[in-house]
Amino acid sequence: MTNDYPPIKDFIESSFLDWPGHTCAVIFLPYCNLRCPYCHNHQLVLKPDTMETLFLETILERLTALRHKIDGICITGGEPTIHRGLPAMLKIFHEAGFGIKLDTNGTQPDILQYLITEGLVDCVAMDVKAPLDDTIYARCAGVFVPMSIIKRSIEVLAAADVPTIFRCTVTPTLLAESDVYLLAKGLNDLRTEGLVGQDTAMSLTLQNFDPANPMEPALKDVKPFTEKNLSRMQEQINRILG
Ligand code: SF4
């Protein structure tokens, strides 16, 4: 193995939650180009050197032993697409016979396009942090993100022939309920703008904020939305996106 593969910082052998409809292993890659205040993986983002690096050979051996229990691998982070060696790593997993689900923040549309074109991913979940507005997006991502990049990633995924999942983590002090509807409307408008086909099905799944261990310590005191409120918001979003 060469040093070109991204370092693996954590590994879960079996998860029912990370790839809907699948039982998958989960592989965590370090570093991220965003600084979302609610991020609960911030050790992986900010201090990955304090975490052990796992050998790819060892992971492959475990995956082979787990083959009867899992039907895929979820690659998450951090942000996997910032690693130049990601395609080579995905190729190894694919050649070993595993399907791949990729989690991404959607800031590397050209990489996403490449991975899809090369057939290296079987499902992609993209976190859309906020309405497609520079100011609100920067508040939720912790850094400025050009909206052209986010829109391009959505365009790439909407046109892809692999299942895609758009998700948004809702943190009450960062996103008002009205912002969530603005995001759904913005996604819908991409159809009008021609970036997404008129008949392309799009959905947005809300995820509740978890105050247990956020990157921004002040958020520990923030109460998440109630499940009832979250369900109501999800229903409204489903209506907006048709
Ligand atoms: S939540 Fe934000 S900062 Fe954390 S890994 Fe995801 S994109 Fe990066």
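Which elements make a right-handed β-α-β unit with helix α4 (residues 109-117)? Let's work through this one and a few more, bearing in mind that the model is predicted.

**Exercise 1. The β-α-β unit and its strands**

Find the right-handed unit around helix α4, then describe the surroundings of strand β5.

*Solution.*
- Step 1: Trace the chain through β4, α4 and β5; these three elements make the right-handed β-α-β unit.
- Step 2: Look at how the strands pair. Strand β4 (residues 99-104) and β5 run parallel, joined by four bridges. To find your place, set Lys 101 opposite Cys 123 in β5.
- Step 3: Now turn to strand β6 (residues 164-170), which pairs with β5 in the parallel sense, over four bridges. Here Ala 125 has Ile 165 of β6 as its bridge partner.
- Step 4: Check the cover on β5 (residues 123-127). Five of its five residues are buried. One side carries Cys 123, Ala 125 and Asp 127, the other Val 124 and Met 126, and both faces are covered.

**Exercise 2. Nonpolar cores**

Locate the residues with the most contacts inside the largest nonpolar core, and list the neighbours of Ile 75.

*Solution.*
- Step 1: Recall a general tendency: in soluble globular proteins, nonpolar side chains tend to be buried together.
- Step 2: In this model the largest nonpolar core has 74 residues, and Ile 75, Phe 93 and Ile 154 have the most contacts inside it.
- Step 3: Select Ile 75 and leave aside residues up to four places away in sequence. Its contacts then include Ile 27, Leu 29, Leu 90, Phe 93 and Ile 100, but also the charged-type names Lys 101 and Asp 103.
- Step 4: Look for a separate core as well: a second one has 10 residues, among them Trp 19, Cys 24, Leu 44 and Cys 74.**Exercise 3. Salt bridges across the sequence and within a helix**

For the salt bridges of Arg 62, Asp 179 and Asp 189, find each partner and place both residues in the fold.

*Solution.*
- Step 1: Start from the principle that side chains of opposite charge can pair when their charged atoms come close. The count for this model comes to 11 salt bridges.
- Step 2: Arg 62 pairs with Glu 13, and their closest N and O atoms are 2.8 Å apart. Arg 62 belongs to helix α2 (residues 56-65) and Glu 13 to strand β1 (residues 10-15), so this pair ties together parts 49 residues apart in sequence. Arg 62 is partly exposed at 34% relative accessibility, and Glu 13 is partly exposed at 31%.
- Step 3: Asp 179 meets Arg 139 in a salt bridge of 3.3 Å, N to O. Because Asp 179 is in helix α7 (residues 177-192) and Arg 139 in helix α5 (residues 134-141), the pair ties together parts 40 residues apart in sequence. Asp 179 is buried at 10% relative accessible area, whereas Arg 139 is partly exposed at 38%.
- Step 4: Asp 189 meets Lys 185, also at 3.3 Å, N to O. Both lie in helix α7, four residues apart, which is about one turn of the helix.

**Exercise 4. A network and one of its lysines**

Name the residues joined by salt bridges that share partners, then decide whether Lys 129 is buried or exposed.

*Solution.*
- Step 1: The network joins Lys 101, Asp 103, Asp 127, Lys 129 and Arg 167.
- Step 2: Find Lys 129 in the loop between β5 and α5. Its relative accessible area is 7%, and buried means under 20%, so Lys 129 is buried.
- Step 3: Look for a polar partner: the side chains of Lys 129 and Tyr 38 are joined by a polar contact of 3.1 Å.
- Step 4: Add the wider contacts, not counting residues up to four places away in sequence. Among them are Leu 34, Cys 36, Asn 105, Tyr 137 and Cys 168.

**Exercise 5. Unusual backbone and a buried histidine**

Find the cis peptide bond and the positive phi of Tyr 31, then describe the setting of His 83.

*Solution.*
- Step 1: Keep the general background in mind: most residues other than glycine have a negative phi, and most peptide bonds are trans.
- Step 2: The cis bond joins Gly 77 and Gly 78, with omega about 15°. Gly 78 sits in the loop between β3 and α3.
- Step 3: Tyr 31, though not a glycine, has a positive phi of about 70°. Tyr 31 is in the loop between β2 (24-28) and α1 (42-46), and is partly exposed at 36% relative accessible area.
- Step 4: Move to His 83, in the loop between β3 (72-76) and α3 (86-95). His 83 is buried at 12% relative accessible area. Leaving aside residues up to four places away in sequence, it touches Pro 6, Pro 7, Leu 29, Pro 30 and Tyr 31.

How values were computed: Residues numbered from 1 in each chain as written. Predicted model: local features only at pLDDT ≥ 70, side-chain atom pairs only at ≥ 80, totals over all residues. Heavy atoms only, no water. Buried < 20%, exposed > 50% of the residue type's maximum accessible area, 1.4 Å probe, protein only. Helix = DSSP H or I, 4+ residues; strand = E, 2+ residues; numbered from the N terminus. Pairing = 2+ DSSP bridges. Right-handed = clockwise from strand over helix to strand, strands pointing away. Contact = heavy atoms within 4.5 Å. Core = buried A, V, L, I, M, F, W, Y, C linked by side-chain atoms within 4.5 Å. Salt bridge = Lys/Arg side-chain N within 4 Å of Asp/Glu carboxyl O. Polar contact = N/O pair within 3.5 Å; in protein donor to acceptor, adjacent residues only side chain to side chain.
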